[in-house]
Amino acid sequence: MASTNPGVKAAGKCPVSAEHANLLATASLKDPEISAYPDEYYAAMRLGDPVHYDAKIGAYLVSRYEDLKTVFRDPVTFSAGVGFQMIYAQGFLDEFKEILERDGGGFFPDAIMSDPPYHTQIRRLMDKAFTAHRVKTLEPAITALVVDMIEKLAAKGACDAVKDFAQPMTIAIICEQLGFDQFDADKVERWSHAVVQQISAMQTREKMIENAKEMCDLQHYLIARYREREAEPREDMTSDLVHAVTEDGTRLTFKETVSLIRATMIAGNETTATALTNLFFLLATDKEQADLLRSNCR
Ligand code: HEM
């Protein structure tokens, strides 16, 4: 594969190798072999076409930090709401909505995937669940949960860092934060996958129906938790969202609240589990970094 050596650029030669140029012209992030190992595709974009139109996905992919800052700072030109709706359950939205309304207790649009001023109001209410007080109340249980998990794995001497630690730990922590005592980690993982698939533009109709069924199951679980916390608030983020009110008396609607509990559940586990997986991969493949970490551990 092509070198990313800045010297090439300085010498005025085209920084994009034939392979990179070909990759951009023919491949898509939708191709399973690319989405499984996307680094070369990302490098090809950054070098050759930083704002790249991926025809199979039907969207522009922005690959450079500076450009991303521009996008995130201009919600008028780059609308999260419009962009999210364009890609959500792409190609099957009506049928998907119908299944959720018929079997899932309703269709709950993602209130957080919106633009100011509505997004600003939603954030003000959502922030009621991300307070220093809430972090303080959650800390002891989260620490105990992680220590218990590490001690059990240490006693075994070896483990699958993803399946035995990164995924179960983040699911357990997000359920602890949301106050979900009774949860099935395999179900939470399937639910998270089903929700994330709605913004992948990669699902077939069969997969959409499978994912819609999972999301119906998820919604019944969340609605039951909502009703419980409505009747009896507790020291958890679900209660914070159900009872959130701003100084001017604004509250979340039932649908907004269920969508935000769902967003917290999903946004909090897939991402963190992936970040932990990358950490373990780095520690397992980069001795210098592993030694640096070990030398800094008390
Ligand atoms: C390594 C871990 C994480 C990464 C890399 C990450 C990354 C991101 C990114 C890139 C966004 C912006 C999305 C956008 O604007 O389109 C975002 C938004 C969000 N994340 Fe995370 N996240 C992580 C962990 C978490 C956790 C643990 C939670 C909840 C407990 C969480 C909850 C949220 C929420 C609610 C939003 C929407 C914020 C808004 O639109 O105002 N995230 N996250």
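These are my notebook entries on one predicted model, covering its overall build, its ligand and a few residues I looked up.

**Ground rules**

I note that this is a predicted model, in which local features need pLDDT of at least 70 and side-chain atom pairs count only at pLDDT 80 or more, while totals for chains, interfaces and linings use all residues. I number residues from 1 along each chain as its sequence is written, and side-chain values use heavy atoms, with hydrogens and water left out.

**Entry 1: the whole chain**

I began with the secondary structure and found 15 helices and two strands. Both kinds are DSSP runs numbered from the N terminus: helices are H or I with at least four residues, strands are E with at least two. The C-alpha atoms fill a box of roughly 70 × 50 × 40 Å along the principal axes.

Next I looked up burial, where buried means under 20% relative accessible area, exposed over 50%, and partly exposed in between (1.4 Å probe, protein chains only). Of the 298 residues in the chain, 39% are buried. The accessible surface comes to about 17,300 Å², and carbon and sulfur atoms account for 58% of that surface. These areas come from the Shrake-Rupley method with a 1.4 Å probe, and for residues only the protein chains shown count as cover.

I also checked contacts, meaning heavy atoms within 4.5 Å. Among contacts between residues at least 6 apart in sequence, 63% join residues at least 24 apart.

**Entry 2: around the ligand**

Which residues are closest to the ligand? I found Ile-112, His-119, Arg-123, Gly-268 and Thr-271, out of 15 residues that surround the ligand; a residue counts as near when one of its heavy atoms lies within 4 Å.

I then listed some polar contacts, which are pairs of N or O atoms within 3.5 Å; within protein, one must be able to donate a hydrogen and the other to accept it, and residues adjacent in sequence count only if both atoms are side-chain atoms. Arg-123 has a polar side-chain atom 2.6 Å from an oxygen atom of the ligand. For His-119, a polar side-chain atom lies 2.9 Å from a ligand oxygen atom. Ala-267 uses its backbone instead, with an N or O atom 3.4 Å from a nitrogen atom of the ligand.

The elements that give two or more residues to this shell are α8 (118-126), α10 (161-178) and α14 (254-285). The most come from α14, with six residues.

By class, I read eight nonpolar, six polar and one charged residues in the shell. Here Ala, Val, Leu, Ile, Met, Phe, Trp, Tyr, Cys and Pro are nonpolar, Asp, Glu, Lys and Arg are charged, and the others, Gly among them, are polar.

**Entry 3: two neighbours in α8**

I stayed with helix α8 and picked Ile-122 and Gln-121. Is Ile-122 buried or exposed? Ile-122 counts as buried, at 0% relative accessibility, whereas Gln-121 is partly exposed at 28%.

Leaving aside neighbours within four places in sequence, Ile-122 is in contact with Ala-111, Ile-112, Leu-252, Glu-256 and Leu-260. The C-alpha atoms of Gln-121 and Leu-252 are 9.4 Å apart, with their positions 131 residues apart along the chain.

**Entry 4: loops and a surface lysine**

I found a cis peptide bond joining Pro-116 and Pro-117, with omega about 5 degrees. Pro-117 sits in the loop between α7 (93-103) and α8.

Ala-89 caught my eye next: phi is near 45 degrees, a positive value in a residue other than glycine. Ala-89 lies in the loop between α6 (80-87) and α7, and is buried at 0% relative accessible area.

Lys-213, in helix α12 (residues 205-231), is exposed at 57%. Its C-alpha atom is 7.9 Å from that of Leu-100, although the two are 113 residues apart along the chain.

**Entry 5: cysteines**

How many disulfides are there in the whole structure? My search finds zero, taking a disulfide as a pair of cysteine sulfur atoms within 2.5 Å. The sulfur of Cys-159 has its closest cysteine sulfur in Cys-297, and at 16 Å that is too far for a bond. I also looked up exposure: Cys-159 is partly exposed at 41%, and Cys-297 is partly exposed at 49%.
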